[in-house]
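Please look over the sequence and the fold slowly before reading on, and keep both in view as the paragraphs below move from one part to the next.

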Amino acid sequence: MAVFVYAENINGVYKKAAFEAVSYAKAIADKAGDTVTAISVNPTDSSDLLYKYGASNVINIKDEGLKSFSAKAYAQAVNEVANGNIIVFPHTTDASSIAPMLAIMNGHSLITNTLEAPKSLSPFQVKRRAFSGKGFMHAKSEAAGAILTVSQNAFGVKENSVSGSEEVKNLSVANEDTKVISHEQSSGKLDLKEAEIVVSAGRGLKGPENWGMIEELANVLGAATACSKPVSDIGWRPHTEHVGQTGKAISPNLYIAVGISGAIQHLAGVNSSKTIVVINSDAEAPFFKSADYGVVGDAFQIIPALTEKIKALKG
């Protein structure tokens, strides 16, 4: 059973999601008594970063035509070099658009948002998120192969160093269908979807001039910042920070929501968080029903006090 993994890079640089996907693929390979082959498109980072998490072989696709992303073209490129029964992808926006196309090309099953290493390989059974993160299911496939996407921050990044080898594949995949309208990237220090801690705020902050205390708390915690849809819609914060059903779906270990009522559309994007802390002056805010911890009070008093307390604890 050959195990492949798509090691996504952003402008040539590997991110946490790639390392988590390689770690997950390594767990499958160990169960199958096989090795992991990682595939990446036009990387600039060293393959040593992938060996560190268990990739014994790295195939670097070099193709100038793939400088602009196209799910169809990337799927064709990956399909030219991947001949495994199992192909693992991170559950990122780009990778999640490649995976289904690759599944169709190969007649493989597609299982998204997996959380744990497979319970069994024959038949293939694995736990995954379902119903927008509100539940779990155990997916079973009897197809010849399986394409998987790994939910971010679920399996974790696990070092498992191996000695590896690298192969460069020069391809020329047709990519004339791609037309980039715009590509907005987060200006934050941390990738929101990969962050283990996220501090988010809503209209309860009353205006963009008050976001300094949110950013300060995030900085102290080593967290990313986020916001609700109304906040991004009125221009208080960039759209790259919008989390929710129509924004980014995230699954950090800790999600702190400040001044957000907790509409169902917002919850759909954050309810996969391991721990949710809600701070709101309205004791009847719906978000409290989904919170692990809730604080009723004035955010303008609570957040600065919390920030100073954390600073003191950190010495």
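What follows is a walk through the strands, the cores, some single residues and a pocket.

This is a predicted model, in which local features need pLDDT of at least 70 and side-chain atom pairs count only at pLDDT 80 or more, while totals for chains, interfaces and linings use all residues. Residues are numbered from 1 along each chain as its sequence is written, and side-chain values use heavy atoms, with hydrogens and water left out.

A good starting place is strand E4 (36-41), where helices (H or I, at least four residues) and strands (E, at least two) are DSSP runs, numbered from the N terminus. Six of the six residues of E4 are buried, so this strand is largely enclosed by the rest of the structure; here buried means under 20% relative accessible area, exposed means over 50%, and partly exposed lies in between, as judged with a 1.4 Å probe on protein chains only. In a regular strand the side chains alternate between the two faces of the sheet. In E4, Val 36, Ala 38 and Ser 40 point one way, whereas Thr 37, Ile 39 and Val 41 point the other way.

E4 also has partners, and two strands are said to pair if DSSP finds at least two bridges between them. E1 and E4 run parallel and are joined by four bridges, with Phe 4 having Thr 37 of E4 as its bridge partner. E4 and E5 likewise run parallel, joined by six bridges, and Ser 40 has Asn 60 in E5 as its bridge partner.

Which residues touch the most other members of the largest nonpolar core? They are Leu 50, Val 88 and Leu 148, in a core of 30 residues, where a nonpolar core is a set of buried Ala, Val, Leu, Ile, Met, Phe, Trp, Tyr and Cys residues joined through side-chain atoms within 4.5 Å. Several elements each supply at least two residues of this core, among them strand E1 (3-6), helix H1 (16-32), strand E5 (55-62), strand E9 (124-130) and strand E11 (146-150). H1 gives the most to this core, with eight residues. Leu 148, when residues up to four places away in sequence are not counted, touches residues that include Tyr 24, Ile 28, Ile 86, Val 88, Phe 89 and Phe 124, where contact means heavy atoms within 4.5 Å. A second, separate core has 24 residues, including Phe 4, Ile 59, Ala 77 and Val 173.

Helix H1 is also the place of Ser 23, which counts as buried because its relative accessibility is 4%. If its neighbours within four places in sequence are left aside, Ser 23 is in contact with Tyr 53, Phe 155, Gly 156, Val 157 and Lys 158.

Some details of the backbone deserve a careful look. Asn 42, in the loop between E4 and H2, has a positive phi of about 50° although it is not a glycine, and with a relative accessible area of 12% it is buried. Asn 153, in the loop between E11 and strand E12 (165-170), has a positive phi near 65° and is likewise a residue other than glycine; its relative accessible area is 8%, so Asn 153 is buried. A cis peptide bond, with omega about 0°, joins Ser 122 and Pro 123, and Pro 123 has its place in the loop between strand E8 (120-121) and E9.

Further along the chain, strand E13 (residues 197-201) and E14 pair in the parallel sense over four bridges, and Ser 200 has Ala 226 in E14 as its bridge partner. From E14 (residues 224-227), Ala 224 and Ala 226 point one way and Thr 225 and Cys 227 the other way, and all are buried. Pro 230, found in helix H6 (residues 229-233), counts as partly exposed because its relative accessibility is 28%.

The last stop is the second largest pocket, which holds about 370 Å³ of space. A pocket is found on a 1 Å grid over the protein atoms alone, as an open set of points where a 1.4 Å probe fits, with protein on both sides within 12 Å along at least five of seven lines, and lining residues have an atom within 4 Å of a point. Grid points are joined across faces, edges and corners, and the volume is the space filled by probe spheres set on the points. Of the 23 residues that line this pocket, the closest to its centre are His 91, Asn 113, Ala 249, Ile 250 and Ser 272. The lining divides into six nonpolar, 13 polar and four charged residues, where Ala, Val, Leu, Ile, Met, Phe, Trp, Tyr, Cys and Pro count as nonpolar, Asp, Glu, Lys and Arg as charged, and the others, Gly among them, as polar.
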